[in-house]
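Biologist: I would like to learn how to read a few features of a model. Can we take them one by one?

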Amino acid sequence: MAKKRTVVVVEDEDPIRRAIVDALRMAGYEPVEAADGEAGLLEARRAGVDLVLLDLLLPKMDGFDVLRGLRETHAALPVIILTARGSEDDRVRGLRGGADDYVVKPFSARELLARVDAVLRRTPERPEPVVHMRAGDTEVDCARREVCHSDGKRLPLSEMEAGILQRLAVYAGRAVSREELLSCVWGLKDGTVETRAIDMHITRLRQKLAGEPPADPPIEWIVTVRGKGYMLAPEIHVVTEGTQQEDPT
Ligand code: CA
């Protein structure tokens, strides 16, 4: 059975939030509730979230600020804003701010679910967990958090190193920003840890992947993308849970 998709509901009015949550649950989604903007941003940034329903008028942090904050770390996460009838400016501002769609209040459960469904259909499925990675004779076992070199040497990866590597593998083919790595791997809000900490972990990770002494010719696992962040090198073979059986080795 397919995994339930997680939808974060950021809405301060209890009856509305509850109605949305009930409708989502009935439709087979996994709803997560947040009653103010700060909590909403925190929940939306957690790993495994598929979509965010975002009210605009919220206590602590308004919806536009939540959207802005979210777009800094999660450029592609689908967001549907909930706007009041007649507030066309809000709709335009929300869409310009990176919202994927909007629903005008008051809305029916059917209308809301149709929008959620439509937006999710446009976005790819939640990525499958990465099981292992391989380049040349070097292999990474994600479950055991180990780098296995051709000479039989095994080097353990720290939780953070493994988290960074898996994140890069999940988004193979595009650069992942330091901010995104910070918030996804550590689950931290901006500013708690310096993004330079990421660079230090990447350096250590590269050393472990290269081996001691480094493979000849050396294999580049992680590419630095200037101004954007880091990317898994295209030649790294990534095996996910779903493709495991088809893997020839
Ligand atoms: Ca509100």
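Biologist: Which residues does R17 touch, leaving out those up to four places away in sequence?

Modeller: This is a predicted model. In it, R17 touches V9, E11 and D12, and also E33, A34 and A35.

Biologist: Where is R17 placed, and is R17 buried or exposed?

Modeller: R17 sits in helix α1, residues 14-26. Burial is read from relative accessible area, and under 20% counts as buried. R17 has 8%, so R17 is buried.

Biologist: D12 is one of the contacts of R17. Which residues coordinate the calcium ion?

Modeller: D12 and D55 each give an OD atom, and L57 gives its O. The distances are 2.1 to 2.3 Å. Along the sequence, the donor residues follow the spacing D-x42-D-x1-L. The pair D12 and L57 links distant parts of the chain, 45 residues apart. D12 lies in the loop between β1 (6-10) and α1, whereas L57 lies in the loop between β3 (49-55) and α3 (63-73).

Biologist: Are D12 and L57 buried or exposed?

Modeller: D12 is partly exposed, at 27% relative accessibility. L57 is exposed, at 69%.

Biologist: Next, helix packing. What describes two packed helices?

Modeller: The angle between their axes and the distance between those axes. Take α2 (residues 37-44) and α3: the angle is about 25 degrees and the axes are 9 Å apart. Angles under 35 degrees count as roughly parallel, so α2 is roughly parallel to α3.

Biologist: Is the crossing of α2 and α3 left-handed or right-handed, and which residues meet?

Modeller: The crossing is right-handed. From α2 come G37, L41 and A44; from α3 come V66, G69 and L70.

Biologist: On to strands. In which sense do β3 and β4 pair?

Modeller: They pair in the parallel sense, over four bridges. One residue pair to look at is L53 with its bridge partner in β4, I80.

Biologist: How many residues of β4 are buried?

Modeller: Five of the six residues in β4 (79-84) are buried, so the strand is largely enclosed by the rest of the structure.

Biologist: Now the five-stranded sheet. What is its strand order?

Modeller: The order is β9-β8-β7-β6-β12, in an open sheet with antiparallel pairing. β9 (154-156) and β12 (237-240) are the edge strands. Each has a single partner strand, so one side of each lacks a neighbour in the sheet. From one strand to the next, the twist averages 20 degrees.

Biologist: Which helix packs on this sheet?

Modeller: Helix α6, residues 159-170. It touches β6 (130-135), β7 (138-141), β9 and β12. The direction of α6 makes about 85 degrees with that of β6.

Biologist: How many bridges join β8 to β9?

Modeller: Three bridges join β8 (residues 146-148) to β9, and the two strands run antiparallel. V147 has L155 in β9 as its bridge partner.

Biologist: What about H149: where is it found, and is it buried or exposed?

Modeller: H149 is in the loop between β8 and β9. At 11% relative accessibility, H149 counts as buried.

Biologist: Which residues does H149 touch, again leaving out those up to four places away in sequence?

Modeller: L155 is among them, and so are D137 and T138. The others are K208, L209, A210 and G211. L155 is thus both a contact of H149 and the bridge partner of V147.

Technical notes. Residues are numbered from 1 along each chain as its sequence is written. This is a predicted model: local features need pLDDT of at least 70, side-chain atom pairs count only at pLDDT 80 or more; totals for chains, interfaces and linings use all residues. Side-chain values use heavy atoms; hydrogens and water are left out. Two strands pair if DSSP finds at least two bridges between them. Axes are lines fitted to C-alpha atoms, for helices over the stretch in contact, and angles run from 0 to 180 degrees between N-to-C directions. Contact means heavy atoms within 4.5 Å. Buried means under 20% relative accessible area, exposed over 50%, partly exposed in between (1.4 Å probe, protein chains only). Donors are N, O and S atoms within 2.8 Å of the metal (3.2 Å for Na, K and Ca); water is not among the atoms, so sites may look incomplete. Angles under 35 degrees count as roughly parallel, over 145 as roughly antiparallel, 65 to 115 as roughly perpendicular and the rest as oblique. A crossing is left-handed if the near helix is turned anticlockwise from the far one by less than a right angle, and right-handed if clockwise.
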